[in-house]
Each structure stands twice: as structure tokens, then as C-alpha cells.
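Q: I've just opened this one and could use a guide. Could you walk me through it and then stay with a single part for a close look?

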Amino acid sequence: MDDIDRTIINRLQEGFPICPAPYQRVAETLNISEQELLERLQILLDSGILSRFGPMFHAEHMGGALTLAALKVPEDNYDTIAETINAFPEVAHNYARKHLLNMWFVLATETPVQIQQVITQIETQTKLTVYNMPKIQEYFVGLKLEA
């Protein structure tokens, strides 16, 4: 990663223009061509320096719902339970934690009612209690990681 890559990463964390040619507009602010910007982004993604580049939508504003959930999974059955959880299309991501509640995941559904339906299905399939921790209040942190 060179200085241009660092500048691209830092610049894109400030927002992405909504216009007919957003990559071109960003490239112009970086004094590089649109093609170079696209190629560098692809290299950053392919190399794993960036894990994802794309929009983030506010699900609740679109009528959907999100919740953070956790399970207390027996270690000897962890991988099987992870596969079961990950098979649900509503599971946005799933990760391990060193905690009594050792498996955490985010559920994203098209409607708020579906959250409890999916939780019930997960509990039925895993025979484990799902600890649902819905968002009570939203705070905007504006986290930016300097490259």
C-alpha cells in the first residue's frame, strides 16, 4: 500500500458522491484517473487490505429491522451451531467472542416482526436460547480509521 492507496482509503471514509459518475468525481479530487482509482480499489479488495467497499443502508428507515443476538454455545458443538446460524439468510455476520455468550450475530430482516420469527427458528434448530439485544437508541460515532 502506497501513499495514493492511503489517500484513497482516507478520502472514501469521508463519503461517496451520489452523482452519475461518482468514481470519476472522487478520482478528480485525488488527481488520478477514474481507471486508476477503480484498479487500486480492486487491488485493495483482492489483497484483503479492504474487506468490503459499498454502501451501508439504514434498514429501519426502509421498513426493515436489525438486532444483535448472542448464544451460549458448547465449545464441542461450536462449528455445527455456527453452520446452522450462518445458513439463515437473515444473519448478516457471525463471530466468536471469549465470553459466556460466545457466539454473536446480527439479524437483518425485511420487517420488525420477522426478527422474533427468525429467533424462534434458530432456538428450535439449535436447542439454545437466543439472547436478543435490540438497539434501544442509536448514536452516530463516525468512526474513521486512518490508513
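Over residues 5-50, what percentage of the chain is helix, what percentage is strand, and how far apart are the end C-alpha atoms? After that, please zoom in on helix 4: which elements do its buried residues pack against?

A: Sure! Keep in mind that this is a predicted model. Your first stretch, residues 5-50, is 65% helix and 0% strand, with its end C-alpha atoms 11 Å apart. UniProt, in an unreviewed entry, lists those residues as "domain: Siroheme decarboxylase NirL-like HTH".

Further along, the unreviewed UniProt entry places "domain: Siroheme decarboxylase AsnC-like ligand binding" at residues 67-139. The mix there is 33% helix and 29% strand, and the end C-alpha atoms are 15 Å apart. A separate domain assignment divides the protein into domain 1 (3-47) and domain 2 (59-134). The centres of domain 1 and domain 2, taken over C-alpha atoms, are separated by 35 Å.

Now for helix 4, which spans residues 78-86. Its buried residues are Y78, I81, A82, T84 and I85. They all sit on the same side of helix 4, because they cover an arc of only 160 degrees around the axis. Turn to the other side and you'll find D79 and E83, which are exposed. There's a simple rule behind this kind of pattern: an α-helix has 3.6 residues a turn, so residues three or four places apart point the same way.

What does the buried side pack against? The buried residues of helix 4 meet strand 1 (65-71), strand 2 (91-96), strand 3 (103-109) and helix 5 (112-126).

Those strands belong to an open sheet of 4 strands, paired antiparallel in the order 2-3-1-4. Strand 2 and strand 4 (131-133) are at the edges with a single partner strand each, so one side of each has no neighbour in the sheet. On average, and ignoring direction, neighbouring strands are turned by 20 degrees against each other. Helix 4 packs on this sheet by touching strand 1, strand 2 and strand 3, and its direction makes about 165 degrees with that of strand 2. Helix 5 lies across strand 1, strand 3 and strand 4, running at about 140 degrees to strand 3.

If you'd like to trace the pairing yourself, begin with strand 2 and strand 3, which run antiparallel and are joined by 5 bridges. One of the partnerships to look for is V91 with L107 in strand 3. A hairpin of 6 residues links strand 2 to strand 3. Next come strand 1 and strand 3, antiparallel over 7 bridges, where A65 has T109 in strand 3 as its bridge partner. Last, strand 1 and strand 4 pair in the antiparallel sense over 3 bridges, and A70 stands opposite Y131 in strand 4.

Strand 3 deserves another moment: 6 of its 7 residues are buried, so the rest of the structure largely encloses it. M103 is found in this strand, and M103 counts as buried because its relative accessibility is 0%. M103 also brings us back to helix 4. Leaving aside residues up to four places away in sequence, M103 touches Y78, I81, A82 and I85, among others including A69, A70 and Y95. M103 and A82 are 21 residues apart in sequence, yet 8.0 Å apart in space from C-alpha to C-alpha.

Methods:
Residues are numbered from 1 along each chain as its sequence is written. This is a predicted model: local features need pLDDT of at least 70, side-chain atom pairs count only at pLDDT 80 or more; totals for chains, interfaces and linings use all residues. Side-chain values use heavy atoms; hydrogens and water are left out. Buried means under 20% relative accessible area, exposed over 50%, partly exposed in between (1.4 Å probe, protein chains only). Helices (H or I, at least four residues) and strands (E, at least two) are DSSP runs, numbered from the N terminus. The arc is that of the directions from the helix axis to the C-beta atoms. Contact means heavy atoms within 4.5 Å. UniProt positions are given in the numbering used here, feature names are shortened, and annotations may be inferred rather than shown by experiment. Domain bounds come from an automatic or database domain assignment. Two strands pair if DSSP finds at least two bridges between them. Axes are lines fitted to C-alpha atoms, for helices over the stretch in contact, and angles run from 0 to 180 degrees between N-to-C directions.
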